[in-house]
Amino acid sequence: MTAVLDATFAALADPTRRAILARLARGEASVKDLAAPFDMTQPAISKHLKVLERAGLVSRGRDAQRRPVRLEAEPMRAATQWLVTYHQFWAESYERLDSLLEELP
Amino acid sequence: MKVIVGTGRDIVITREFAAPRARVFAAHTEPDLLMRWFGPHDWRLTVCEIDLRIGGGWRYVMHGSQGQEMVLRGSYLEIDPPARLVTTETNVDCHARADHESIATLELTENAGRTTLTNTIRFPTREIRDAVVASGMDRGVAQGYDRLAHTMETS
């Protein structure tokens, strides 16, 4: 679990990769489509895509010409879940601390 | 409760309590008190060992409703009651590697009998912190992120 999250978080640490994911959240795209708004070469984008692919955050289509890139929801869901759980841990603990503090003399 | 992203590898939690800070501090350092509040609602803190001195260790064992077990442990770096408590923390199960140690700084300020708690957690890697930043910046990335942001702004 932690190894998977480490890969996800490492992939998310880069702003370009986050922007690529944000773009893919609107639908699949080719490397050319993805390179256009970033003022980056296609090889540079491909490098970022490899990191995202290794983290399981995106997958590539089979179409040999275009090989469209699409978002994979599961690792993102796991990373988000980790953070939600973290928040929940403290929110629920502190609610119980409220009650305890009321009872203390 | 508010969770914000600090500088570097930090996440900062702030929360107000309707009690003087001496009580809030005690609730963080006395095992019989900690056992009554620490952990999410479906977990119980079953073992709570505290050696409250600089360099002294602490160890919490928690049990979930499905029989899961989680062990947290660390040591005390600074103890300044009722204002400040700095500890190291390792989640024994999740972070098998020794470098996965976070540092938690608890700061308590008091105003008119109410306490503002600030819990700054410095994570072992910047990636975790950056993922939180990502959650705020790229809301379109995944539907879950909206829920996350919402959760973090409320309650």
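Okay, quick one to start: which residue in E6(B) does B:Leu72 stand opposite? The partner is B:Asn91. Keep that pair in mind, and I'll come back to the strands around it.

One caution before we go on. What we're looking at is a predicted model. For chain A, the mean pLDDT is 81, and 85% of the residues score at least 70. Among the elements of that chain, helix H1, residues 2-12, has the lowest mean, 68, while helix H4, residues 42-54, has the highest, 91. Where pLDDT is low, the predicted coordinates shouldn't be read in detail.

Right, chain B. There are four helices and eight strands in chain B. Going from the N terminus, the order is β-β-α-α-β-β-β-β-β-β-α-α. Chain B has 155 residues, and 26% of them are buried. If you take the contacts in chain B with a separation of 6 or more, 33% are between residues 24 or more positions apart.

Back to our opening pair. E5(B) and E6(B) pair antiparallel, over six bridges, and a hairpin of three residues joins E5(B) to E6(B). In that loop, between strand E5 (69-80) and strand E6 (84-91) of chain B, sits B:Pro82. Have a look at the backbone there: the peptide bond from B:Pro81 to B:Pro82 is cis, with omega near 0°. On we go to the next strand. E6(B) and E7(B) also run antiparallel, joined by six bridges, and B:Glu89 has B:Ser102 in E7(B) as its bridge partner.

Now strand E2 of chain B, residues 10-17, which is a nice one to click through. The side chains alternate along E2. B:Ile11, B:Ile13, B:Arg15 and B:Phe17 point to one face and are buried. B:Asp10, B:Val12, B:Thr14 and B:Glu16 point to the other face and are not buried. Yes, there's an arginine in that buried set, B:Arg15. The bridge partner of B:Arg15 is B:Leu117, in E8(B). As for the two strands, E2(B) and E8(B) pair in the antiparallel sense over eight bridges.

Step off the end of that strand and you reach B:Ala18, in the loop between E2 and H1 of chain B. So, is B:Ala18 buried or exposed? It's exposed, since there are 10 other C-beta atoms within 10 Å, and the cut-off for exposed is 12 or fewer. Leaving aside neighbours within four places in sequence, B:Ala18 is in contact with B:Arg114 and, over in the other chain, A:Leu101. The C-alpha atoms of B:Ala18 and B:Thr116 are separated by 9.0 Å, with their positions 98 residues apart along the chain.

Then comes helix H1 of chain B, residues 21-29. The buried residues in this helix are B:Arg21, B:Val24, B:Phe25, B:Ala27 and B:His28. Looking down the axis of H1(B), these buried residues fall within an arc of 155°, so they line one face of the helix.

Let's zoom in on B:Arg21 from that set. Why do we call B:Arg21 buried? Because 21 other C-beta atoms lie within 10 Å, and the cut-off is 20 or more. Not counting residues up to four places away in sequence, B:Arg21 touches B:Pro82, B:Leu108, B:Glu110 and B:Thr115. That B:Pro82 is the proline from the cis bond. With B:Leu108, B:Arg21 is 87 residues apart along the chain, yet their C-alpha atoms are separated by 6.1 Å.

A couple of backbone oddities. B:Ala112 has phi near 50°, a positive value in a residue other than glycine. B:Ala112 is in the loop between strand E7 (102-111) and strand E8 (114-122) of chain B, and is exposed, with 5 other C-beta atoms within 10 Å. Over in chain A, A:Asp39 has phi near 55°, also positive. A:Asp39 sits in the loop between helix H3 (31-35) and H4 of chain A and counts as exposed, with 7 C-beta neighbours inside 10 Å.

Last thing, the cores. The largest nonpolar core has 15 residues, and those with the most contacts inside it are A:Leu24, A:Leu52, A:Leu57 and A:Val58. H1, helix H2 (15-24), H4 and strand E2 (69-71) of chain A each supply at least two residues of this core. Apart from that one lies another core, of 14 residues, including B:Phe17 and B:Leu85.

Note on methods:
Residues are numbered from 1 along each chain as its sequence is written. Chains are lettered from A and ligands numbered from 1 in the order in which they are written. This is a predicted model: local features need pLDDT of at least 70, side-chain atom pairs count only at pLDDT 80 or more; totals for chains, interfaces and linings use all residues. The arc is that of the directions from the helix axis to the C-beta atoms. pLDDT is the predictor's confidence in each residue, from 0 to 100. Two residues are in contact if their C-beta atoms, placed from the backbone, lie within 7 Å. A nonpolar core is a set of buried Ala, Val, Leu, Ile, Met, Phe, Trp, Tyr and Cys residues joined through C-beta atoms within 7 Å. Two strands pair if DSSP finds at least two bridges between them.
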